[in-house]
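I opened this notebook to record what I looked up in one model, item by item. The entries follow the order in which I made the searches.

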Amino acid sequence: MSQLLIAAGDGENPLIPPIPELVIGLLAFVIVFGLLAKKLLPNINKVLEERREAIEGGIEKAEIAQTEAQSVLEQYKAQLAEARHEAARLRQEAQEQGATLIAEMRAEGQRQREEIIAAGHAQLDADRKAASQALRQDVGKLATDLAGKLVGESLEDHARQSRVIDRFLDDLEEKAEAAR
């Protein structure tokens, strides 16, 4: 340790560099710092500025895109609501038309049924009259033949025969109606 004190005793501190080295080192530091500040710092600032602008531009673009997307979504919802309203209106119209068509078909069916029933009744009346006429003639002929056989002579007088038969059948019809 004594040797350290002897070396330190020369008057020079080993921790403090000599002044010419300090000046040269300081000048070198200023030159390197100046070069870095002139060349490297603008490039770094330029890159940082570009990144900042890209990020801000991206955010602005994202906000614009989000606004447009929101607008498109609102238009889509409005169109969807309008389409649903239109579909409901068309369904209502179809139901009304269906109900009207069903009512018309029922009325037409009722009218056709009544026509068929009326035609059937008319046909029955015509058939009844024809059967009654045919039965009258057959019964009259049989009664005349039977009466002729009972009497023993022919009852061919047509006018008298018709009157007798008509009177007989009218009496039968009156008795049948009275029995009802």
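The entries below go from the whole chain to single side chains.

**Basis of the entries.** I worked from a predicted model, in which local features need pLDDT of at least 70 and side-chain atom pairs count only at pLDDT 80 or more, while totals for chains, interfaces and linings use all residues. I number residues from 1 along each chain as its sequence is written, and side-chain values use heavy atoms, with hydrogens and water left out.

**Secondary structure.** I looked up the elements and found three helices and zero strands. Read from the N terminus, their order is α-α-α. Both kinds of element are DSSP runs numbered from the N terminus: helices are H or I with at least four residues, strands are E with at least two. Helix 2 covers residues 19-151, and the residues in the entries on side-chain pairs were checked against it.

**Surface and burial.** How many of the residues count as buried? I noted 4% of the 180 residues. Here buried means under 20% relative accessible area, exposed means over 50%, and partly exposed lies in between (1.4 Å probe, protein chains only). The accessible surface of the protein is about 16,200 Å², and carbon and sulfur atoms hold 62% of that area. These areas come from the Shrake-Rupley method with a 1.4 Å probe, and for residues only the protein chains shown count as cover.

**Annotated span.** I consulted the UniProt record, an unreviewed entry, which annotates residues 22-41 as "transmembrane region". UniProt positions are given in the numbering used here, feature names are shortened, and such annotations may be inferred rather than shown by experiment. In the model, residues 22-41 are 100% helix and 0% strand, with 26 Å between the end C-alpha atoms.

**Nonpolar patch.** Which residues form a nonpolar patch on the surface? I listed V32, L36, L40, L41, I44 and L48, which together have about 520 Å² of accessible area. A patch takes residues with over 30% relative accessible area and no salt bridge; like charges are joined within 9 Å, and nonpolar side chains (Val, Leu, Ile, Met, Phe, Trp, Tyr) within 5 Å. I checked L41 separately: it is found in helix 2, and its relative accessible area of 42% makes it partly exposed.

**Aromatic pair.** I searched the whole structure and obtained one aromatic pair. The ring centres of F29 and F33 are 6.1 Å apart and the planes meet at 20°, so I entered the pair as stacked. The criterion takes rings of Phe, Tyr and Trp (its six-membered ring) with centres within 6.5 Å; planes under 30 degrees apart count as stacked, over 60 as edge-to-face, and the rest as tilted. F29 and F33 lie four residues apart in helix 2, about one turn of the helix. Are these two residues buried or exposed? Both F29 and F33 are exposed.

**Salt bridges.** I counted seven salt bridges in the structure, each defined as a side-chain nitrogen of Lys or Arg within 4 Å of a carboxyl oxygen of Asp or Glu.

- E49 pairs with R52, and their closest N and O atoms are 2.0 Å apart. The two are three residues apart in helix 2, about one turn. Both are partly exposed, E49 at 31% relative accessibility and R52 at 37%.
- E86 pairs with R89 at 2.2 Å, N to O. These residues are separated by about one helical turn because they are three residues apart in helix 2. E86 is partly exposed at 33%, as is R89 at 35%.
- E93 also forms a salt bridge with R89, at 2.4 Å from N to O. E93 and R89 are four residues apart in helix 2, about one turn of the helix. E93 is partly exposed at 32% relative accessibility.
- I further noted that salt bridges with shared partners join E49, R52 and E56 into one network.

**C-alpha separation.** My last entry concerns A143, which is found in helix 2 and is partly exposed at 35% relative accessibility. The C-alpha atoms of A143 and V164 are 9.7 Å apart, with these positions 21 residues apart along the chain.
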